[in-house]
Amino acid sequence: MMVLLDPASVEGLVAAVNGTMLVLAIAGTLATLGLLIWSLRTASAERARERPRRDRRKGSLSDRRDPREALALVGDALAATHNPRVLLPVILEVITESTGASGGQIVASGREVSWIGTVGDAPTLSLPLGYTADGDTTLLLHSGDNGFSTETKELAEWLASQAAVALENARLHAVVQHQAITDDLTGLVNRRRFMDALQAEIERARKFGSPLTVVLTDLDDFKRVNDDHGHHAGDDVLRAFARLVRSHVRDVDVPSRIGGEEFAILLPETASADAASVAERMRHSLSVVPVPVGEHESVQMTSSFGVAELHDGQSGDDLMRAADTALYAAKAAGKNCVATGANEN
């Protein structure tokens, strides 16, 4: 028996799966941190009995940082971000100080991205940390004159392996987070992320008294593309239109695919007249250039636009309804045009 799900149910199911993956990534990171904290506390206690602390950091005359303080930095970093580029310097400091190294470096794809302490000509230990956004990443530890004991080398290798797991969990967290807010087909943000951004911008607009406008746009006669050329052609058109929208907006604007062939654009600090001008440029650009579908075909597309500016007392849903009403007016006027809300003129 085939069970058909409505779009809202599918979106809820996808959100649930993404949420589960996000929880698993976070749990993995926290578990790794727990192991890291336990091992470093144990190693710290043993070293405290063996030798006094001394400064290992370049340009500092203070006592070497207590490893527990370094652990606090890791905890703060993990609580604040799952960005590997933020975590790498913290991991470097923790492992360097916990092993008593004279200095350390993190090198990614042959380029130094972080360092601490006194770095000699040749590293004593080379510890892989896995693949990050900067490429294959390695931790290089320098021992100074005394070298590392076998026990310290084993500790450094184990800590580096745990750090690699934490970095991989951070990478997975970023992937899942991106998937949760992004439309897979176009790469634009999805409806959920758009509505979150809309609420935040409404609060900011009211706080600073700045204008805020939403533009809704819908590809005209999109069903014809799917019927005549197949769904792959429809996907090509949606991706092409998303690229066109991106090319006409600023970094502070939020373009989104909110469902099917309907797109929404959030324009902070923009009045309706200026937003209508942006919409008109998009409309014109789409209407004059055929969209390639497949290797040897193209289709001529148009789109209708509805523009609405935030007014006192309106909620996010109110603003979206006003833009949708304007879009409906554009469709009723013959399509391939821009319409503004009733109170925008």
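Here are some short exercises, each with a worked solution, on a predicted model of a protein chain.

**Exercise 1. Get your bearings**

Find how many helices and strands the protein chain has, and what share of its residues is buried.

*Solution.* Start with the secondary structure: the chain comes to nine helices and eleven strands. Next, turn to burial. The chain has 345 residues, and buried ones make up 46% of them. Finally, look at the contacts between residues at least 6 apart in sequence: 66% of these join residues at least 24 apart.

**Exercise 2. α6 against α7**

Work out how helix α6 is oriented relative to helix α7, and which residues meet there.

*Solution.* Step one is to locate α6, which covers residues 222-229. Step two is the geometry: α6 and α7 pack at an angle of about 140°, and their axes are 6 Å apart. Step three is the label. Angles over 145 degrees would count as roughly antiparallel, and the helix pair doesn't get there, so α6 is oblique to α7.

Now for the contact itself. On the α6 side you'll find Phe 222, Val 225, Asn 226 and His 229. They meet His 231, His 232, Ala 233, Gly 234, Val 237 and Leu 238 in α7. Sort the residues of this contact by character and you get five nonpolar, five polar and no charged.

**Exercise 3. α7 against α8**

Do the same for α7 and α8, and add the handedness of the crossing.

*Solution.* Helix α7 runs over residues 231-248 and helix α8 over residues 272-288. Their packing angle is about 140°, with the axes 10 Å apart. From that angle it follows that α7 and α8 are oblique to each other. As for handedness, the crossing is right-handed.

Next, list who meets whom. Phe 241, Leu 244, Val 245 and His 248 come from α7. Their partners in α8 are Val 278, Arg 281, Met 282, Ser 285 and Leu 286. The residues of this contact split into six nonpolar, two polar and one charged.

**Exercise 4. The aromatic pair**

Phe 241 turned up in the last contact; which ring does it pair with, and in what geometry?

*Solution.* The general recipe first: you describe a pair of aromatic rings by the distance of the centres and the angle of the planes. The count for this model is one aromatic pair. The partners are Phe 241 and Phe 263, with 5.0 Å centre to centre and 80° between the planes. Planes over 60 degrees apart count as edge-to-face, and that's the label this pair gets.

Where do the two rings come from? Phe 241 belongs to helix α7, while Phe 263 sits in strand β7 (residues 262-268), and the two are 22 residues apart. To finish, check accessibility, where the buried cut-off is under 20%. Phe 241 has a relative accessible area of 1%, so it is buried. Phe 263, also at 1%, is buried too.

**Exercise 5. Pro 290 and its surroundings**

Place Pro 290 in the chain and find which residues it touches.

*Solution.* Pro 290 is in the loop between α8 and β8 (291-293). Its relative accessible area is 41%, so it's partly exposed. Leave out residues up to four places away in sequence, and Pro 290 touches Ser 298, Val 299 and Gln 300. There's also a link back to Val 237, a residue from the α6 and α7 contact: its C-alpha lies 9.8 Å from that of Pro 290, although the two are 53 residues apart along the chain.

**Exercise 6. Positive phi outside glycine**

Glu 269 and Lys 335 both have a positive phi; where do they lie?

*Solution.* Take Glu 269, with phi near 50°. Its place is the loop between β7 and α8. Then take Lys 335, with phi near 70°. Lys 335 lies in the loop between α9 and β11 (338-340), and at 33% relative accessibility it counts as partly exposed.

**Exercise 7. Far in sequence**

Which residues are paired here with Gly 259 and Ala 332, C-alpha to C-alpha?

*Solution.* Gly 259 is in strand β6 (residues 254-259) and is partly exposed at 32%. Its partner is Asp 183, 76 residues apart in sequence and 9.2 Å apart in space. Ala 332, in helix α9 (residues 316-332), is exposed, with a relative accessible area of 61%. Its partner is Ser 304, 28 residues apart in sequence and 9.8 Å apart in space.

Methods: Residues are numbered from 1 along each chain as its sequence is written. This is a predicted model: local features need pLDDT of at least 70, side-chain atom pairs count only at pLDDT 80 or more; totals for chains, interfaces and linings use all residues. Side-chain values use heavy atoms; hydrogens and water are left out. Axes are lines fitted to C-alpha atoms, for helices over the stretch in contact, and angles run from 0 to 180 degrees between N-to-C directions. Helices (H or I, at least four residues) and strands (E, at least two) are DSSP runs, numbered from the N terminus. Angles under 35 degrees count as roughly parallel, over 145 as roughly antiparallel, 65 to 115 as roughly perpendicular and the rest as oblique. A crossing is left-handed if the near helix is turned anticlockwise from the far one by less than a right angle, and right-handed if clockwise. Contact means heavy atoms within 4.5 Å. Ala, Val, Leu, Ile, Met, Phe, Trp, Tyr, Cys and Pro count as nonpolar, Asp, Glu, Lys and Arg as charged, and the others, Gly among them, as polar. Buried means under 20% relative accessible area, exposed over 50%, partly exposed in between (1.4 Å probe, protein chains only). Rings of Phe, Tyr and Trp (its six-membered ring) pair if their centres lie within 6.5 Å; planes under 30 degrees apart count as stacked, over 60 as edge-to-face and the rest as tilted.
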